[in-house]
Each structure stands twice: as structure tokens, then as C-alpha cells.
Amino acid sequence: MDYDKLTEVMRRLSLEAGDIIMDIYNADDFEVKSKSDDSPVTAADEAADAHIAAGLRAAFPDVTLITEEQADSHALSATTFLIVDPLDGTKEFIHRRGDFTVNIAYVEEGAPRRGVVYAPAKGRLFYTNAAGVSVEEVGDLDKDATGTTIPISVSTPDNTGLMVVASKSHRDQATDDYINKYAVNDMKSAGSSLKFCLVATGEADLYPRVGRTMEWDTAAGHAVLTGAGGHVVRFDDHMPLSYGKEDFANPFFIAYAPGVELKMP
């Protein structure tokens, strides 16, 4: 894989998809439909997906592409592939809360090596550069020219008072029970894959997810966290979370900064 080209293409497509999403977000009204699993989908999901998929297929025609909104792709089997969630946090989008993201990732031999997470309503763009180091780009976010990038890095956790981030829309008792195993200094809630980015920037130390997710929900955030020095492991046995699983469904997982003394379930 040409990582320079990959970084440029993923960054540009995420910004272009963000514009598509925000045009619909700022409209007076938009239609919300239900998919077969009863999860919501909007015109923004579908339009952003179509744009990103077309761009990736044009740039990397020989690489398998998995996207949330193209059900046919979910039957594919691969360990190296591109994977897209064009609008993670659809519920946040519908309720106009701003915590939604565009996610594009490249998985190589079962591990997310490169990724971009763009939160268009918040103007925050995180990605792995060609060397695999995670950065946050600040400034105008010009589609044709990379602006100022700031390397990001996980925190050095204090296990006597951890900073924890948890889901805004999927918080439940099982999550709270697990968090209560730790000494917590502060709790944050965030939607979508922004939770990975908060750990990656050192704004949080620990993000446990005791609930259903799919690989397209996590791959880009996982890549950004890895490039910032963090880890994502399975909830049950603390083994690394892998990709290319059957149906692209994830087990429960924990994202964290090294130094957090992980507790078993």
C-alpha cells in the first residue's frame, strides 16, 4: 500500500463527505429510515457512503472495500481491506447533538494500520499520517492542502484517579458496573468514534464498550488510538481486537492508554 496516497485520499474524502453531511444536517428537515436491524439511517449516511466508496474504488481498485451502508460488502471475506462508516453516531446526528463522525480505515492482516476520524460539526480532524503517527489537523481543513498537524499522544494514567469516557447513546448498567471497578477522577460522555480520539489525545485514559459494535464503527478510531500509543483489546480476555471477523461484528472491548491497570470483567 502507498501510505502517502492512502493518507491523502482518506483525508480528502472524509472532508468532502463532511460537507455532504453538514448540508443535510443544516437543512430544515431530513428523512430518517430504519434498516433491517432497526437502526436509523438518513440521506446523509447514504450520500456520504456513496461519495467515499466511489473515491476509494477509483484510487484503490484492487483493495477489498467494506462499508456499513452497502450490505453486499458484509458477505466479503478478507484480512486486508478498506472499511468505512460514513456517519458514525446517526442518533447524535438525528438529534443534532454534533457528536458524529466520518470514519475511513485501512486494515492490514487483521489490524487497523491507518485511519481518519472527522467530526464535521465540531471541526475536529484526526488521522494517521503516512508514517502511522496520529495527528490532529487544525486550521481551515483545506481539502487540497494539508494544514498544521499536531502529533497526538495518550496520557500517562493515574490509576488512583482515571479519566473515563463512555458512550452517550448506549450507556447501560453493565458499563457502569465495569467502570466502578476503577478509581475514577472524572467521567465524560461522547458519541461515535470520538471516544477513541479522546483517549488518543490524552483527554481520557479509558473507554470500555460493553455493547454491540461493528468493525466499521471502530476501525478508524482504533487506528488513530494505535498511532497515538494506545491499545484496544477484547473485554473478556484482554487479547488484541482483530478485524476481518465473520459478519464484521465486534466483541465487547476496552480502549485505553498504556499504564491503565486493566480489570477483568
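# Exercises on a predicted chain

Strand β4 (residues 81-88) is mostly covered, with 8 of its 8 residues buried, where buried means under 20% relative accessible area, exposed means over 50% and partly exposed lies in between (1.4 Å probe, protein chains only). Helices (H or I, at least four residues) and strands (E, at least two) are DSSP runs, numbered from the N terminus. The model is predicted, and local features need pLDDT of at least 70, side-chain atom pairs count only at pLDDT 80 or more, while totals for chains, interfaces and linings use all residues. Residues are numbered from 1 along each chain as its sequence is written, and side-chain values use heavy atoms, with hydrogens and water left out.

## Exercise 1: the neighbours of β4

Task: Find which strands pair with β4, and in which sense each of them runs.

Solution. Begin with the rule that two strands pair if DSSP finds at least two bridges between them. Strand β3 (residues 65-67) meets this rule, since it pairs with β4 in the parallel sense over 3 bridges. Within this pairing, I66 stands opposite I83 in β4. Turn next to β5, which is joined to β4 by 6 bridges and runs antiparallel to it. In that second pairing, F81 stands opposite V107 in β5.

## Exercise 2: from β7 through β8 to β9

Task: Follow β8 and state how many bridges join it to β7 and how many join it to β9.

Solution. Start with the strand itself: β8 is mostly covered, as 4 of its 5 residues are buried. On one pairing, β7 and β8 are antiparallel and share 4 bridges, and T128 stands opposite S134 in β8. The hairpin of these two strands has 5 residues between them, and there G132 takes a positive phi near 90°. On the other pairing, β8 and β9 also run antiparallel and are joined by 4 bridges, with I150 in β9 as the bridge partner of E136.

Continue into the loop between β8 (134-138) and β9 (148-151), where L141 lies. The phi of L141 is near 55°, a positive value in a residue other than glycine, and L141 counts as buried at 12% relative accessibility.

## Exercise 3: the two faces of β12

Task: Decide whether the faces of strand β12 (residues 206-209) are covered or open, and name the residues on each side.

Solution. It helps to recall that in a regular strand the side chains alternate between the two faces of the sheet. In β12, L206 and P208 are on one side, Y207 and R209 are on the other, and all of them are buried, which leaves both faces covered. The strand is joined by 4 bridges to strand β16 (residues 253-256), and the two run antiparallel. In β16, I254 is the bridge partner of P208.

## Exercise 4: three loop residues

Task: Locate R96, R97 and A121, and state whether each is buried, partly exposed or exposed.

Solution. R96 sits in the loop between α3 (90-94) and β5 (101-108), where its relative accessible area of 38% makes it partly exposed. Its phi is near 55°, a positive value in a residue other than glycine. R97 has its place in the loop between α3 and β5 as well, and counts as partly exposed at 42% relative accessibility. From R97 to D140 the distance is 22 Å, C-alpha to C-alpha, with their positions 43 residues apart in sequence.

A121 belongs to the loop between β6 (111-119) and β7 (124-128) and is partly exposed, with a relative accessible area of 34%. Although A121 and I21 are 100 residues apart in sequence, their C-alpha atoms are 9.2 Å apart in space. Setting aside its neighbours within four places in sequence, A121 is in contact (heavy atoms within 4.5 Å) with M22, Y25, G98 and F100.

## Exercise 5: the chain as a whole

Task: Describe the chain by its elements, its compactness and its burial.

Solution. Count the elements: the chain has 6 helices and 16 strands. Its radius of gyration is 17 Å, close to the 18 Å that the globule rule gives for 265 residues, so the chain is as compact as a globular protein of that length; the radius is taken over C-alpha atoms, and the rule is 2.2 Å times the number of residues to the power 0.38. Lastly, buried residues make up 54% of the 265 residues, and among contacts between residues at least 6 apart in sequence, 62% join residues at least 24 apart.
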